[in-house]
Structure formats: structure tokens, C-alpha cells
Amino acid sequence: MNSYPAESAAPRPPRRRVHTRARILSAAAGLFLSAGYARTSIEDICTAAGYTRGAFYSNFATKEDLLLALFDEQAAERMAELERLAAVAGQLGPGERAQRLVEALLRVEEAETGWILLFLEFRLMAARTPGLAERVAAHDREVTAAMAVLLVRVLPELVPDGAAAEQAAEVVLAAREGLLARTAAGGPAAEQLLTSAAAVLAGLLG
């Protein structure tokens, strides 16, 4: 993950700027989830947030920067959920820990569906834009590294070192994304696929 300078070397941004950034992120999230990334303009975001384009550009260089910041927030929230799961699963056997971890990764709450579709839209667009594709790849590497650290802590018997954990994290996250694309519409078939995938991935880990 990124390393950050000491607090004394990097003063916190003014509270007002933090508030402005948070409002822009919130407004953008609502628009992206309802209209999609491509159909939402910077002007739309500024209008929804109640700020000028100057306020936008003082916080984000591009619309892509803003969306990647939102994805970072979503990834951090998911990792926090998995950390809480790890804390309560410590007394379980490796197989059951693996099962719970995989189920938590693959389970999609209704509120998450919009984020899944948004990420898939952005990934497909980035695949046709070399510079953007590398930024998405960098985001993927950060999420994979965080997941690898968690796997070593939750399943030390099965993924005892960084190399094995990174490989396992890559496979689990790639499987998760593919499954979410297949199951975003929900329904019995989606439930069956999620159940089968969870069983197979948990078996591979545990």
C-alpha cells in the first residue's frame, strides 16, 4: 500500500476543503450510480454539489481522478468489513474461516449493485484508453496487496507468505469481479452461481 509522510511533514488540508471534497464525492457518487459514468459530466457534478468548476479542479484533476477516489473509498470499506470478519473468525478452523471469507467477498447487497455496474463500465472504458488502463491496474494492485495481507492474517496455515497470498488474492478478486458481472441482475440463477463459486473458492483456500 502507499506510504505516507509523517503528519508534521504533510499538514492536513483545511477543514473547509475536506468538506468541499466530501460534498463533491457524494454528489458524484449519486450521479454516477443513477446515470452512469459516461453520461455524467463535471458540470453535472458541480451543479449537484453546489460548487463551481474551480472548486472541482482544486480537488480533482479529472473526472477519472474523482471516480478512482470513490473506488478507493469503496475498497477501504470492503476491507474494513473483512477485517471485522477476521476478528470474529479467529477461533474457527481454517476451512470454515476460508468459507466465511469467500462468502463475505462474493455476497452482493442490493446497495452494491450500482457500484458493481459502475466499476464494470469504467473498466471496459479504461481497457480502450492505455493511460487510464494503467491507473486501473495500479488500483487493482493496491487492493490485491491489501487482500494478501488479510489472507496471511486470516489463513496463515494456508497462505503463509506474501507470494502465495498475492497469488491467492489475485485469483479471488478476479473471480469476484467476474461473478459480480454475471450475477448483478440477481435471481435464482445468480444465487446458485454464487453458492457454487463460494464452495469452490473456499475449497481451494481451505
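## A charge over an aromatic ring

The charged end of Lys-63 sits over the ring of Tyr-37, at 4.1 Å from the ring centre. The model in which this contact appears is a predicted one. Tyr-37 also takes part in an aromatic pair with Phe-32. The two ring centres are 5.4 Å apart and the planes meet at 45°, an arrangement that counts as tilted. Phe-32 and Tyr-37 are both buried.

The aromatic contacts extend beyond this pair. A single aromatic cluster is formed by Phe-32, Tyr-37, Phe-71, Phe-119 and Phe-122. The count of aromatic pairs in the model comes to six.

## Overall fold

The chain contains nine helices and zero strands. Read along the sequence, its pattern is therefore α-α-α-α-α-α-α-α-α. Of its 206 residues, 37% count as buried.

## Helix H6

Helix H6 covers residues 113-126. How far apart should the ends of its 14 residues lie, at 1.5 Å a residue? The expected span is 20 Å, and the end C-alpha atoms are indeed 20 Å apart, so the expectation and the model agree.

Several residues of H6 are buried: Thr-113, Trp-115, Ile-116, Leu-118, Phe-119, Leu-120, Phe-122 and Ala-126. Among them are Phe-119 and Phe-122, which also belong to the aromatic cluster that includes Phe-32, Tyr-37 and Phe-71.

## The largest pocket

The largest pocket has a volume of about 790 Å³. It is lined by 29 residues, of which Gln-74, Ala-75, Arg-78, Arg-176 and Leu-180 are the closest to its centre. The elements that each give two or more residues to this lining are helix H4 (63-88), H6, helix H7 (130-154) and helix H8 (162-183). H4 provides the largest share, with eight residues.

By class, the lining comprises 15 nonpolar, three polar and eleven charged residues. Leu-180, one of the residues closest to the pocket centre, is located in helix H8. Leu-180 counts as buried because its relative accessibility is 5%, and buried means under 20%. In sequence, Leu-180 and Arg-107 are 73 residues apart, yet their C-alpha atoms are separated by 8.8 Å in space.

## Residues of helix H7

His-139 and Asp-140 both illustrate the environment of helix H7. His-139 is found in this helix and counts as buried, since its relative accessibility is 10%. Its C-alpha atom is 8.5 Å from that of Phe-71, a residue 68 positions away along the chain. Phe-71 is itself a member of the aromatic cluster.

Is Asp-140, also placed in helix H7, buried or exposed? Asp-140 falls in between: with a relative accessible area of 24%, it is partly exposed. The C-alpha atoms of Asp-140 and Asp-72 lie 10.0 Å apart, although 68 residues separate the two in sequence.

## An exposed residue of helix H8

Ala-163 has its place in helix H8. With a relative accessible area of 54%, Ala-163 is exposed, because the cut-off for exposed is over 50%. Leu-180 of the same helix is, by contrast, buried at 5%. Ala-163 and Ala-148 are 15 residues apart in sequence, and the distance between their C-alpha atoms is 8.6 Å.

Notes: Residues numbered from 1 in each chain as written. Predicted model: local features only at pLDDT ≥ 70, side-chain atom pairs only at ≥ 80, totals over all residues. Heavy atoms only, no water. Helix = DSSP H or I, 4+ residues; strand = E, 2+ residues; numbered from the N terminus. Expected span 1.5 Å × (residues − 1). Buried < 20%, exposed > 50% of the residue type's maximum accessible area, 1.4 Å probe, protein only. 1 Å grid on protein atoms, 1.4 Å probe; cavity = no way out; pocket = protein on both sides within 12 Å on 5 of 7 lines; lining within 4 Å. Points joined across faces, edges and corners; volume = space filled by probe spheres on them. Nonpolar A, V, L, I, M, F, W, Y, C, P; charged D, E, K, R; others polar. Phe/Tyr/Trp six-rings, centres within 6.5 Å; stacked < 30°, edge-to-face > 60°. Lys NZ or Arg CZ within 6 Å of the ring centre and 35° of its normal.
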